[in-house]
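This report looks at the pockets of one protein model, at the pairing of some of its strands, and at one residue late in the chain. Please keep the structure in view while reading.

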Amino acid sequence: MYGRFLYNQLFVTVPVPSTSFADQTVIITGANVGLGLEAARHITSLGAAKVILAVRNLAAGREAQQSIEASTGRSGVCEVWELDLASYASVLDFGRRAAELPRLDAVVENAALATQKYERAEGHERTITVNVISTVLLGLLLLPKLRETTQKHHPGQKPRLSVVVSEVHAWTPFPEQRSDRIFEALDDEAHARMHERYPTSKLVVILALREMVRQLRDDAVVINMINPGFCHSQLTREVSGIGIKAFKMALARSTEEGSRTLVAGAAAGPESHGQYMDCGVADSAGFSSFVRSDDGKKVQEHIWRELSEILEEIQPGVTSNL
Ligand SMILES: NC(=O)c1ccc[n+]([C@@H]2O[C@H](COP(=O)([O-])OP(=O)(O)OC[C@H]3O[C@@H](n4cnc5c(N)ncnc54)[C@H](OP(=O)(O)O)[C@@H]3O)[C@@H](O)[C@H]2O)c1
C-alpha cells in the first residue's frame with residue numbers, strides 16, 4: 001500500500017491535460033485555493049464556456065476568479081457561487097441554483113476538510129458532514145441536471161461527476177465499521193478518533209459512492225473517484241512542524257501537477273465509471289483491499305442504508321435521483 005504511494009509520488013509525472021472543454025459547463029467545489037483553483041484554471045484554459053467556482057468564502061472566490069482571468073486571458077467564463085458544505089441549507093440552495101443551468105457537463109467535488117478538532121455541523125462531526133454527507137447530497141442533487149445534459153447535448157460524451165478522494169482511505173483501521181450505527185459511532189465525541197478522521201471520511205465517502213454507482217438506474221453519467229496524490233496545498237494548514245515540512249519537501253507534487261488529476265477525472269470517459277483514478281488513469285486496483293473485499297461490500301451497504309436515512313431527512317426523495 002505504501003509502495004504504490006511512494007512509487008507514484010517519486011516516479012510518476014501526471015500528464016498536462018489537453019482535452020478540450022469547449023462549450024461545457026463545469027462546477028468545481030472548493031475552487032478558491034489549492035487543487036480546486038488550479039483545476040479551474042486548467043479547465044478555463046481548455047475552453048470551457050462556464051466554470052462555476054463553488055466556494056464558502058465569496059471574497060476568496062472572487063480573488064480566485066481574478067487570478068484565473070489574469071493567467072488565462074479569458075474573462076466572463078468563471079462565476080463565483082456560494083457553497084458551504086457545513087450547511088445543508090447552503091447545499092440545497094446551491095442544488096436549486098444549479099438546476100436552472102441550461103447544461104452541466106462535469107462536476108468536480110473537490111472541497112474537503114482535514115482537522116483533528118472535534119466540532120459538530122448539522123448534528124454530525126464536521127468532517128463527516130462536509131466530506132461525506134454534504135458531498136454525497138450535492139452529487140445526488142446535481143445528477144438530474146447531468147443526466148438531462150446527456151440527453152440534450154451529449155449523444156456521444158457522457159457528463160461526469162468526479163469526487164476527490166485520497167489514497168489515505170487505505171490507512172485507517174476504521175473500527176467504527178463494527179458498530180450497529182456507524183454514523184452515531186463517528187459522531188460520538190468521547191470516542192472520536194480524530195487523528196484518523198480525515199482518512200476515515202475518505203474511506204466512508206468511497207464506500208458510499210461505490211454503492212451509488214451500483215444502484216444508479218442508467219449509464220447516462222460517469223461517476224469516478226480521483227486521487228491527486230500528496231500535493232502542496234492548504235490542506236495540512238492545522239499541522240505545523242518540521243516533520244510535515246520535510247515530508248512535503250521530499251514527496252509532495254506541486255499544486256498544479258496535483259490538479260491535473262482533477263482535470264483528468266472531469267474529462268474522463270465511461271472507462272472511469274465507478275473507478276479510482278490515480279495519476280489521471282482509471283485503475284480499480286487503487287481501492288484498498290478492504291474496499292474491494294466482501295467485508296468492504298457489507299460495510300458499503302450498511303453505510304448506504306444509514307446515509308440514505310440521513311439524506312432523506314435532509315431532502316425527502318433525494319436518493320431516488322439515483
Ligand atoms: N493536498 C493533498 O495532498 C491531497 C491528497 C489527497 C487528496 N486531497 C483532496 O484534494 C481535495 C482538495 O484539497 P486541497 O489539498 O486543495 O486542500 P485545500 O487547499 O485545503 O482546499 C480545500 C478546499 O475545500 C474548501 N472547503 C473546506 N471546507 C469547506 C466547506 N465547509 N464548504 C465548502 N468548501 C469547503 C476550502 O475552502 P476554504 O479555503 O474556505 O477553507 C478549500 O477551497 C480535498 O478533497 C482533499 O481531501 C488532497
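What volume does the largest pocket have? In this predicted model, the volume of the largest pocket comes to about 1400 Å³.

## The largest pocket

The lining of the largest pocket is made up of 50 residues, and those that lie nearest its centre are L113, A114, Y198, L235 and T236. Two or more lining residues come from each of the helices α2 (34-45), α5 (126-153), α7 (197-215) and α8 (242-251), and the strand β2 (50-55) contributes to the lining on the same terms.

Sorted by class, the lining of the largest pocket holds 27 nonpolar residues, alongside 15 polar and eight charged ones.

## The second largest pocket

The second largest pocket encloses about 310 Å³ of space, and 23 residues line this pocket, with M1, A170, F287, S288 and S289 lying nearest its centre. At least two lining residues are supplied by each of α1 (2-11), β9 (276-278) and α10 (289-292).

In the lining of the second largest pocket, eleven residues are nonpolar, eight are polar and four are charged.

## Strand β4 and its partners

Which strands pair with β4 in the parallel sense? Strand β1 (residues 25-29) runs parallel to β4 and is joined to it by three bridges, while strand β7 (residues 160-164) pairs with β4, also in the parallel sense, over four bridges. Residue A106 of β4 takes part in both pairings, since A106 is the bridge partner of V26 and has R160 as its bridge partner in β7.

In a regular strand, side chains alternate between the two faces of the sheet. Strand β4, which spans residues 106-109, is covered on both faces, with A106 and V108 buried on one side and V107 and E109 buried on the other.

## Residue T319

Further along the chain, T319 is found in the segment that follows α11 (294-314). Is T319 buried or exposed? Its relative accessibility is 19%, and T319 therefore counts as buried, the cut-off for this class being under 20% relative accessible area.

When residues up to four places away in sequence are left out, T319 touches L140, W304, S308, L311 and E312. Of these contacts, L140 belongs to the range of α5 (126-153), a helix that also gives two or more residues to the lining of the largest pocket.

Technical notes:
Residues numbered from 1 in each chain as written. Predicted model: local features only at pLDDT ≥ 70, side-chain atom pairs only at ≥ 80, totals over all residues. Heavy atoms only, no water. 1 Å grid on protein atoms, 1.4 Å probe; cavity = no way out; pocket = protein on both sides within 12 Å on 5 of 7 lines; lining within 4 Å. Points joined across faces, edges and corners; volume = space filled by probe spheres on them. Nonpolar A, V, L, I, M, F, W, Y, C, P; charged D, E, K, R; others polar. Buried < 20%, exposed > 50% of the residue type's maximum accessible area, 1.4 Å probe, protein only. Pairing = 2+ DSSP bridges. Contact = heavy atoms within 4.5 Å.
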